[in-house]
Amino acid sequence: MPRRRPSALRAQLSLPEPMYAGADRCRSDRPPGPWPTRIDRLSSRTVAAIHREESRRPYDEGLWPGATATALATCRSFLTLPGRWLYLRRDYCACEQCDLRNDIAVARDLLELTVHRLPRRPRRELEALLAGLDEELWRRTVPDPFAHRRPHRGGAWWHRRLYDLDHLL
């Protein structure tokens, strides 16, 4: 005999799909994936040091398990986009995990936070990896000529690059 679903669940299943599929759901509602045991182009010692730092800190200090791997994946996927010039993008959702997956400036901030919390040898290895990514980011993004007029755009150089706001309209 088939199980009956509660009436509230049946009512939700009968609702029409939203206009933009997936726009109403935050990606952070999904359960986190498995903790990465490898991070591409980093040694196992550096990955172990990153995991120690991520698990040692409370969530409100900006690091959580798997955040560094996600930030590196965000940087790499952004830099593989086609075109000569790239514009930084923000996301509709304002949660940290969606920002980390979509805004390269947020991802680069998290990587900088990770670099400063690592011991000396793993820090050097991660800095060497980030140097190549930063060079490509500097070369392919456009500087914001009016960044000096926006005090909220302070901080590192990657915050003073042009954002593409057309997708928010």
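## A cavity inside

A cavity is a set of grid points where a 1.4 Å probe fits but cannot get out. This structure is a predicted model. By that rule, the model has one cavity of 30 Å³ or more. Its volume is about 40 Å³.

Which residues line this largest cavity? They are Cys75, Leu79, Ile104, Arg108, Leu111, Leu130, Leu133, Asp134 and Leu137. Helix 3, helix 5 and helix 6 each give two or more residues to this lining. Helix 6 gives the most, with four residues. Seven of the lining residues are nonpolar, none are polar and two are charged.

## The overall fold

The protein has six helices and zero strands. From the N terminus on, the order of elements is α-α-α-α-α-α. The protein has 169 residues, and 32% of them are buried.

Now take the contacts between residues with a separation of 6 or more. Of these, 63% join residues 24 or more positions apart.

## The nonpolar core

In soluble globular proteins, nonpolar side chains tend to be buried together. Here, the largest nonpolar core holds 30 residues. Which members touch the most other members? They are Leu42, Leu72, Phe78, Leu100, Leu110, Leu126 and Leu130. Several helices supply at least two residues each to this core: helix 2 (44-56), helix 3 (67-79), helix 5 (104-117) and helix 6 (120-140).

Phe78 shows how such a residue is surrounded. Leave aside residues up to four places away in sequence, and Phe78 touches Leu86, Tyr87, Leu88, Ile104, Leu137 and Thr141. Two of these names, Ile104 and Leu137, also appear in the cavity lining.

## Glu53, a buried charged residue

Glu53 lies in helix 2. Is Glu53 buried or exposed? Glu53 counts as buried because its relative accessibility is 5%, and the cut-off for buried is under 20%. Beyond its neighbours within four places in sequence, Glu53 is in contact with Leu63, Arg117 and Leu118.

## Trp85 in a loop

Trp85 sits in the loop between helix 3 and helix 4 (96-102). Its relative accessibility is 43%, so Trp85 counts as partly exposed. That class lies between the 20% cut-off for buried and the 50% cut-off for exposed.

Trp85 and Leu137 are 52 residues apart in sequence. In space, their C-alpha atoms are 9.7 Å apart. Trp85 touches Arg139, Arg140, Thr141 and Val142, not counting residues up to four places away in sequence.

## Cysteines without disulfides

A disulfide is a covalent bond between the sulfur atoms of two cysteines. How many disulfides does the protein have? The count comes to zero.

Cys98 is in no disulfide. The nearest cysteine sulfur belongs to Cys95 and is 3.4 Å away. A disulfide needs the two sulfur atoms within 2.5 Å, so this pair does not count. Cys98 is buried, at 2% relative accessibility. Cys75 is buried too, with a relative accessible area of 3%. Cys75 is also one of the residues that line the cavity.

## Arg41 and its phi angle

Most residues other than glycine have a negative phi. What is the phi of Arg41? Its value is near 70°, which is positive in a residue other than glycine.

Arg41 lies in the loop between helix 1 (7-13) and helix 2. Arg41 is exposed because its relative accessible area is 57%, and exposed means over 50%.

Technical notes
Residues are numbered from 1 along each chain as its sequence is written. This is a predicted model: local features need pLDDT of at least 70, side-chain atom pairs count only at pLDDT 80 or more; totals for chains, interfaces and linings use all residues. Side-chain values use heavy atoms; hydrogens and water are left out. A nonpolar core is a set of buried Ala, Val, Leu, Ile, Met, Phe, Trp, Tyr and Cys residues joined through side-chain atoms within 4.5 Å. Buried means under 20% relative accessible area, exposed over 50%, partly exposed in between (1.4 Å probe, protein chains only). Contact means heavy atoms within 4.5 Å. On a 1 Å grid over the protein atoms alone, a cavity is a set of points where a 1.4 Å probe fits but cannot get out, and a pocket is an open set with protein on both sides within 12 Å along at least five of seven lines; lining residues have an atom within 4 Å of a point. Grid points are joined across faces, edges and corners, and a volume is the space filled by probe spheres set on the points. Ala, Val, Leu, Ile, Met, Phe, Trp, Tyr, Cys and Pro count as nonpolar, Asp, Glu, Lys and Arg as charged, and the others, Gly among them, as polar.
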